[in-house]
Amino acid sequence: MKKRYVLEVTAAALILAAAGFWYLGREERLPQEKQSLRIGVALYRGDDPFINNIRSKLEEKAKEYEKATGIKIVLEVEDSKDNQNTQNSQVDRFLSLGYDAICVNMVDRSVASYVINKAMDADIPVVFFNREPVEEDMNRWERLYYVGEDAKESAVLQGNILVEAYKEDEGSLDLNGDGKVSYVLLEGESSHQDSLIRTEWSVQTLKDGGVPLERLTGGIANWDRSQASALMEQWEEQFGDSIEVVICNNDEMALGAADALERAGNTRAVKIVGIDGTPQGIEGLKAGKIYGTVQCDSEEYAEVIFETAVAEALGQNVQEKIEFQNGKYYQCRQVALTADTLP
Ligand code: GAL
């Protein structure tokens, strides 16, 4: 009897001890205990208005999250100033300081393997955004994500803004009434994954929509307002009143084109379209400088980047929170805007 009692007590004690160890082990792994998170962000250029807008939104998200959860967020944002070596050193620093997650807007998207190798060694997740690493790199690890926009969608929306204007009134595009809509095209960086697709599908959408197009010329202005303005100035001298439409891969270049037309004293109703819907772009739209844009939902953009970084940092299941395509890719919402459809 006594022996059986001893056995029972021993068994109960063992079960309790095992449960205790399991619980303690579980507690140790529970990342909810983290009272603060450190997230490093590296921007390809801090002076790019579209990127800057996302940066402000990220900062807002971090503050909101702190308020809602009491978890302190240290969000350190670095400007890589268009230099990949600078960016690599910034990433190295984040990793050596043991940041919980990093968000990288690559300077040169073709060399993301450097960042990936280092992040994998340090076991720190990476949310890439806006400048997409090649698929081969993205597939190297499950803790890599990409947040961006569907370039074909932006372009089709942009093209349709002009198709609709043409359908409503052909003369609003074909200003000189010669039966052709003559356009010039301003393109983003040639190395950016979206430039070529935006250009191709914008023009294709106009053709599909039955607009009789004539391409006068085109050029690369690297997303930049002053480069676009300089090109447009040359084209204005070269083609003068033949220019009826200016298709731009982003709003900054659209604003640059508008600057040049203004400087040249061109008051014809040349239609300029952009993409991004940055605060500056929307101002331009309101002021009548540009006719239309495609706005990317920057709230959603920043939220997905931030929530992914936080969920990864806390060891939560990211897929349960955000629906990534193939577990890795997220394309943000976009909407076409003209002065008439501004909210
Ligand atoms: C594009 C955006 C451009 C520029 C570029 C930088 O998506 O339309 O304005 O910000 O990203 O990579």
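Which helices each supply at least two residues of the lining of the largest cavity? I will start there and work outwards. Please keep in mind that this is a predicted model.

The helices in question are H2 (49-69), H7 (193-208) and H9. H2 gives the largest share, three residues. The cavity itself has a volume of about 150 Å³. It has 17 lining residues, and those closest to the centre are Asp-48, Phe-50, Trp-223, Asn-250 and Asp-276. By class, the lining holds eight charged residues, five nonpolar and four polar.

To place this cavity, we need the domains. The domain assignment gives domain 1 as 36-148 + 298-332, and domain 2 as 151-296. Both domains give residues to the lining of the largest cavity, so this cavity lies between them.

Now the contact itself. Domain 1 puts in twelve residues, and domain 2 also puts in twelve. The centres of the two domains, taken over C-alpha atoms, are 32 Å apart. About 1000 Å² is buried between domain 1 and domain 2, and 48% of that area comes from carbon and sulfur atoms. On the domain 1 side, the residues that lose the most area to domain 2 are Pro-49, Phe-50 and Arg-109, which together make up 44% of what that side buries. Phe-50 you have already met, among the residues closest to the centre of the largest cavity.

How many salt bridges are counted between domain 1 and domain 2? One. Arg-131 forms a salt bridge with Glu-189, and their closest N and O atoms are 2.8 Å apart.

Those two residues come up again at the second cavity. The structure holds two cavities of 30 Å³ or more, and the second largest contains about 40 Å³ of space. Its lining consists of Val-107, Arg-109, Arg-131, Glu-189, Ser-191 and His-192. That makes three charged residues, two polar and one nonpolar. Why is this cavity placed between the domains? Domain 1 and domain 2 both give residues to the lining of the second largest cavity, so it lies between them. Arg-109 is in that lining, and Arg-109 is also one of the residues of domain 1 that lose the most area to domain 2.

For the whole structure, the count comes to 21 salt bridges. One of them joins Asp-100 to Lys-34, with the closest N and O atoms 2.8 Å apart. Asp-100 sits in the loop between helix H3 (84-96) and strand S3 (101-104), while Lys-34 sits in the loop between helix H1 (2-29) and strand S1 (36-43); the two are 66 residues apart.

Next, the pockets. About 330 Å³ of space lies in the largest one. It is lined by 16 residues, with Ile-161, Glu-164, Tyr-291, Thr-338 and Asp-340 closest to the centre. Helix H6 (151-168) and strand S12 (334-338) each supply at least two lining residues, and H6 gives the most, six. The classes are seven nonpolar, five charged and four polar.

The second largest pocket has a volume of about 210 Å³. Of its 14 lining residues, Arg-268, Val-270, Ile-272, Gly-288 and Lys-289 lie nearest the centre. Helix H9 (251-263) and strand S9 (271-273) each supply at least two, with the largest share, three residues, coming from H9. The lining has seven nonpolar, four charged and three polar residues.

That brings us back to H9, one of the helices named at the start for the largest cavity.

Methods. Residues numbered from 1 in each chain as written. Predicted model: local features only at pLDDT ≥ 70, side-chain atom pairs only at ≥ 80, totals over all residues. Heavy atoms only, no water. 1 Å grid on protein atoms, 1.4 Å probe; cavity = no way out; pocket = protein on both sides within 12 Å on 5 of 7 lines; lining within 4 Å. Points joined across faces, edges and corners; volume = space filled by probe spheres on them. Helix = DSSP H or I, 4+ residues; strand = E, 2+ residues; numbered from the N terminus. Nonpolar A, V, L, I, M, F, W, Y, C, P; charged D, E, K, R; others polar. Domains from an automatic or database assignment. Contact = heavy atoms within 4.5 Å. Buried area = accessible area lost by both parts, 1.4 Å probe. Salt bridge = Lys/Arg side-chain N within 4 Å of Asp/Glu carboxyl O.
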